[in-house]
Amino acid sequence: MAAFPQFSADSLLFDCERLIDNGNEFCIKRFNAFHDAEGLTYYLKKQALKDEKENSVRNYVVKLHGTEITIAYFTLKAGAIPYTETVDNLTFSKNTKLVPGIELVNIALNDIMLPKIKTLPFKVGEYIFYNIVEKLVLHVASEIGVKVLYLFAMNKKLAEYYKTWGFRMIEDDSYNDKLNEEWQSDYSQNCIFMYKPIAEIV
């Protein structure tokens, strides 16, 4: 049986590594999320390693290439969403109950490294999403059945920002209410569900 192909998102700009690899736990001490996003900082410092040990998520740190300067972190986990005919570009038979997907649980830039981030000639969060997160998602989707990348935006301002990354909302209050009551974890309660079909990731 062929081995699962190794993923690499390394570039001339950034290195992407598992939080639990290469002694990266030290990154936790020198990370504060942008815009005083205390929940994202708390998760990395207090919960991320516990979730890793339970095999429920995978956390990644993004560092300036060839350095130990942590620019960002993000969290992914396997998941699924209830199927509804109101979603775009997720064609399924009417008997389908769940759509297999990957949840982007967290993504945050490091406020401590803001001076360094500001020297880069592009939007760093956007660059990391398109060139590292999506590349990793496509890598997984090439090996297993995955139809959608989804997330839960903390507020409407963030939701509008994620639209620029190609995510969309489902304009169906009953669907969103059901997600909030029955599907979302305590961590994502009362957040805004958004999705992006894998077919639209290039």
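**A six-stranded sheet and a pocket**

Start with the sheet: this predicted model has an open one of six strands, running in the order β1-β2-β3-β4-β5-β6 with mixed pairing. At its edges you'll find β1 (14-18) and β6 (192-197); each has a single partner strand, so one side of each is left without a neighbour in the sheet. Go from strand to neighbouring strand and the turn averages 30 degrees, if you ignore direction.

Now zoom in on β1. Its pairing with β2 (residues 58-64) is antiparallel and takes in five bridges. Look at Glu17, for instance: its bridge partner in β2 is Val61.

Next, the helices that sit on this sheet. α3 packs on the sheet and touches β1, β2, β3 (70-82), β4, β5 and β6, with its direction at about 45 degrees to that of β3. α4 packs there too, touching β4, β5 and β6, and its direction makes about 5 degrees with that of β6.

That brings us to the largest pocket, which has a volume of about 940 Å³. What lies nearest its centre? Among the 32 lining residues, it's His35, Leu40, Ile107, Leu158 and Tyr162. Some familiar elements turn up in the lining: α1 (38-53), β4 (98-109), α3 (124-141), β5 (148-153) and α4 (156-163) each give two or more residues. Of these, β4 gives the most, with seven residues. And what is the lining like by class? It has 22 nonpolar residues, alongside six polar and four charged ones.

Key
Residues numbered from 1 in each chain as written. Predicted model: local features only at pLDDT ≥ 70, side-chain atom pairs only at ≥ 80, totals over all residues. Heavy atoms only, no water. 1 Å grid on protein atoms, 1.4 Å probe; cavity = no way out; pocket = protein on both sides within 12 Å on 5 of 7 lines; lining within 4 Å. Points joined across faces, edges and corners; volume = space filled by probe spheres on them. Helix = DSSP H or I, 4+ residues; strand = E, 2+ residues; numbered from the N terminus. Nonpolar A, V, L, I, M, F, W, Y, C, P; charged D, E, K, R; others polar. Pairing = 2+ DSSP bridges. Axes fitted to C-alpha atoms, helices over the stretch in contact; angles between N-to-C directions. Contact = heavy atoms within 4.5 Å.
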